[in-house]
Amino acid sequence: MSTSATTPASITGSFTREAFEAHLQRVAHLPAWWLERKRAAYERFASLPMPVRTDEYWRFSNLSRVTLDGFASAAPVGFKDLTHESLGVKGAGHVVLANGRLVDSEPLSADLIARGVVFGTIQDALAKHGDLVREHLLAQPSRLGSEKFAALHEAFLDDGAFIYVPKGVEMELPVGIFHYAAGAGTAVFPHTLVIADDNAKVTVADFFRSDAGAHFACGGNDLYAGHGSQVEYIAMQDWSRDTLSFQFNATVARRDARVLSMNLHSGGRQSRHESFSQLQAPGAHSEMLALTVAHGDQEFDQRTLQIHQAPNTSSNLLYKNALLETSKTIFSGLIIVDPDAQKTDAYQSNRNLILSDDAEANSLPGLEIQANDVRCTHGATSARIPAEQEFYLRSRGINPALAKELIVFGFFEEVIGKIANTELHDQLAAIIRRKFKE
Amino acid sequence: MNPLSDNDTTIADEAAANPVAGIDQEVGNFQYDVKYDFDAGSGLSEDTVNFISQVKKEPEWIREFRLKALKVFESKPLPTHWATKDLENIDFNKIRYYLSQGQRSKRSWDDVPDDIKKTFERLGIPEQERKFLAGVEAQFDSEAAYSNIKEAVSKQGVIFMSSTEALMEHPEIFRKWFGKVIPTGDNKFSALNSAVFSGGSFIYIPPGVKVSHPLQAYFRINAENFGQFERTLIIADEGAEVTYMEGCTAPKFSTATLHSAVVELVAMKGAKIQYITVQNWSANVFNLVTKRGLAHEDATIKWIDCNIGSRLTMKYPGVVLKGERARGEVLSIALANDGQHQDTGAKMIHAANNTTSNIIAKSISVGQGRSTYRGLVHIPKHLKGCKSNTECDALLINTNSRTDTYPAITVKGDRNSIQHEASVSKISEDMIFYMQQRGLSEAEAMSLAVNGFVNDLVREFPMEYSVELKRLIDLEMEGSVG
């Protein structure tokens, strides 16, 4: 391995070779193949340049706020130091990770364990289910511009959550996963790995929270849906308002699998979310949903890719943004239909509700279609609250702030309504409501 | 494939064997002996630019403008970080940048391949025009057909001349806007055009004048019309109205592989400009064009753009909506056949309150053809009442046809509204089946369906154009089914 002197600080920032070696020391007990992959990932991270303005994948992004400097490696925190809020719904179990370490957990019922469901940490799974982890953990390429940050995530990934549901097992209740970042300038690398074997069913609620500090959160999730399986993944990103956040999703849907991923973006100062869905076999379906409430000077940068690799697959993307104050959103989506993926049905829609004269919404909905027997449409709209709706509410004596909130809820309901679990539905609504109280 | 009902079965047979027959297959075979008296040679350097300027007897400021542009061109990289890598196949050193008037090739009608003659016949192009289009006549003698229009137009005070001529004779009108709507440094190819431009039309319409007939490039007797590096500037003064047509539906043959035009439109308060292009270059041509209009208060600029030919076309007509209530429109049709890439789109920059824009783009990909829509709609801060609408529809004919859509939309503030919609589809089997039951051949049914797809746009074209356009689509569709 080369010496640290060869790596200029600007390209690695706080994530120096020394920091990486220190991290490796801490996870030295993990399997050799994983450590080898982490080393390779660090080399990629250290050699790739920072994104530049002319990079198409970073079009419209405010790069001045994307930095690797000034962050500290995460120190251990105790569960009692967190202001933890539970899942709030009846769940099958939960894990709480703070600064990349397990601090609390509620195991699954004996019945589920007996049926072969595994729920715990990635470190545990590396030890006990190494082959499964190896096959699915960060196994998909980064294709949406954040190769450097994805490599950083892999290099510094400490611990995360792991759930495996074996063939034919259907879990009725959701599992809760909580990722916390605590302490000034803490860098965290949360990860959630969901593997649903053939005909399995699982619902995962993934929470991202922190104290008020300025954090660096660089997380990822892998959702693998085997033949005929059903995966529902709901993420609620509520980092502090000073956090720089990256989140990378990779979804793989096999024959007749149905995946629904729903991301609520609320926190962070600058948050980038990359979502990559691959529909690999006939009958696969991916539902990609997102809700963003942007206020203050928040910037939410969402990049998506739906690849239809087999015939008779479908996908539906609906990203809704509500913009207040001086906030900014970017939606850049691409549907790719491979040459043999006939009978594809793909939809992509970005709706922006602009509630302030200083907010800015950017939309880049793209299509690359190489098969002719397909139904592909996309749409993007940006508009204000319709004057008639506002007038109607005002004429009923509702004050402007509440009217705004009601209209935003009405705007979001189309997305929230797709969550089958009504209790989780209410949880989402509560986070959005809180944002309006700020 | 079922035989066509058309009398000319030879063409049908040819077409069956080859989907692009009758259009552009023999293009590369145009060989003729030519002596260029004023030949800038191939390759591009300061000498080339100086040479062009000297031949055209241009004043010093134009020469400097050209030289400066050359530097910009050289300093800019190819835009391959977003555009197709096919651009790298352009060998700038092998291109002839200037052939002066009178030194053009002479070929006889007998040299023109039969299939091209047949194409002209099927499109119903008058004899006189055919010779011009085939390059048999260096210039099209328009006097007979159009002299009364020309006369009428000049009586109204309309200025209509070539670029260099206009810059020298009417600098007070043209210099003010020349290179202002599209600055030299806008992109690599606008810089190239600024360095070596020749030909094209400079038009000025005085206040309140409504030009009743569409102006066409080949009204004017000037062999440089269809040059490689056309430069067009149209200024419609307050309340004036004009329609300009560029190109024609008949295939245009060219041995030059790079065409890079710059077209600037300026619509003063309340003026209306409609600019119609039908591009049908032969399939070896890179057609890299920059077109933009500047619309002042209450002005309307409408681009009607139809791309059928060329190997690669990159063209995104734009409108800068500078004055309140200005309106910009782009209506475009692209047809990409085997080996072709139509990379077209539109740009709308809203820069004043209550401005509106409308983009309707339809593309058809046949065989392995690829059509791309790239769009940009920008509504910056603190504007109100702006509206923008974009619709892109793509039709894929064969299983291996390809289409891409890459729009970019930015809206700031809560007092504007924008929508964008795109769809991709194929021709439904039911529709084809139904028409076949009614006695149409599969090819006829296909043509009818494709014509139906573009019909609402074609209607916007002047009548003569839409008739020719429909025939042309029929021709291109032949052999794409069965």
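In which strand of chain A is I336(A) found? I336(A) belongs to strand β18 of chain A, which covers residues 328-337. Please keep in mind through all the views below that this is a predicted model.

**Figure 1. A close-up of I336(A) and the residues it touches.** I336(A) sits in β18(A), so let us begin with its surroundings: it counts as buried, since 20 other C-beta atoms lie within 10 Å and 20 is the number needed. Leaving aside residues up to four places away in sequence, I336(A) touches L305(A), I307(A), H308(A) and E368(A). I369(A) is also worth picking out in this view: 33 residues separate it from I336(A) along the chain, and the two C-alpha atoms are 5.8 Å apart.

**Figure 2. Strand β9 of chain A with its two parallel partners, β6(A) and β11(A).** β9(A) runs over residues 201-210 and is mostly covered, with 9 of its 10 residues buried. Strand β6 (residues 175-181) of chain A is joined to β9(A) by 7 bridges, and the two run parallel. To find your place in this pairing, look for G176(A), whose bridge partner in β9(A) is A205(A). Strand β11 (residues 230-238) of chain A also pairs with β9(A) in the parallel sense, here over 9 bridges. A handy landmark for that pairing is F208(A), which stands opposite Q237(A) in β11(A).

**Figure 3. The contact between chains A and B, seen from the side of chain B.** Chain A gives 35 residues to this contact and chain B gives 33 residues. Two elements of chain B, β18 (402-412) and β19 (417-425), each supply two or more residues to the side that touches chain A. The largest share of that side, 11 residues, is from β18(B). Sorted by class, the side of chain B that touches chain A holds 15 polar, 11 nonpolar and 7 charged residues.

**Figure 4. Strand pairing across the two chains.** Strand β20 of chain A, residues 360-369, pairs with β18(B) over 7 bridges in the antiparallel sense. Within this pairing, E360(A) has K412(B) of β18(B) as its bridge partner. Strand β21 of chain A, residues 375-383, is paired with β19(B), again antiparallel and over 7 bridges. Here you can take your bearings from T381(A), which stands opposite Q419(B) in β19(B).

**Figure 5. Strand β18 of chain B and its neighbour β16(B).** β18(B) is mostly covered, and 11 of its 11 residues are buried. In a regular strand the side chains alternate between the two faces of the sheet. From β18(B), R402(B), D404(B), Y406(B), A408(B), T410(B) and K412(B) point one way. T403(B), T405(B), P407(B), I409(B) and V411(B) point the other way, and the residues of both sets are all buried. Strand β16 (residues 370-379) of chain B pairs with β18(B) in the parallel sense over 10 bridges. One pair to look for is H378(B) with its bridge partner T410(B) in β18(B).

**Figure 6. Helices α10 and α11 of chain B packed against one another.** α10(B) spans residues 429-437 and α11(B) spans residues 442-458. The axes of the two helices are 9 Å apart, and the helices pack at an angle of about 125 degrees. That angle makes α10(B) oblique to α11(B). The crossing in which α10(B) passes α11(B) is right-handed. From α10(B), the residues M431(B), I432(B), M435(B) and Q436(B) meet E442(B), A445(B), M446(B), L448(B) and A449(B) of α11(B). By class, this contact has 7 nonpolar, 1 polar and 1 charged residues.

**Figure 7. A loop residue of chain B, V211(B).** For the wider setting, chain B has 12 helices and 19 strands, and buried residues make up 53% of its 482 residues. Among the contacts in chain B with a separation of 6 or more, 82% are between residues 24 or more positions apart. V211(B) lies in the loop between β2 (202-205) and β3 (215-216) of chain B. Is V211(B) buried or exposed? V211(B) is buried, because 20 other C-beta atoms lie within 10 Å and that count reaches the cut-off of 20. Not counting residues up to four places away in sequence, V211(B) touches V153(B), V158(B), I205(B), E241(B) and V242(B). V158(B) is 53 residues from V211(B) along the chain, and their C-alpha atoms are separated by 8.6 Å.

Note on methods:
Residues numbered from 1 in each chain as written. Chains lettered and ligands numbered in written order. Predicted model: local features only at pLDDT ≥ 70, side-chain atom pairs only at ≥ 80, totals over all residues. Contact = placed C-beta atoms within 7 Å. Helix = DSSP H or I, 4+ residues; strand = E, 2+ residues; numbered from the N terminus. Nonpolar A, V, L, I, M, F, W, Y, C, P; charged D, E, K, R; others polar. Pairing = 2+ DSSP bridges. Buried ≥ 20, exposed ≤ 12 C-beta atoms within 10 Å, placed from the backbone. Axes fitted to C-alpha atoms, helices over the stretch in contact; angles between N-to-C directions. Parallel < 35°, antiparallel > 145°, perpendicular 65-115°, else oblique. Left-handed = near helix turned anticlockwise from the far one by under 90°.
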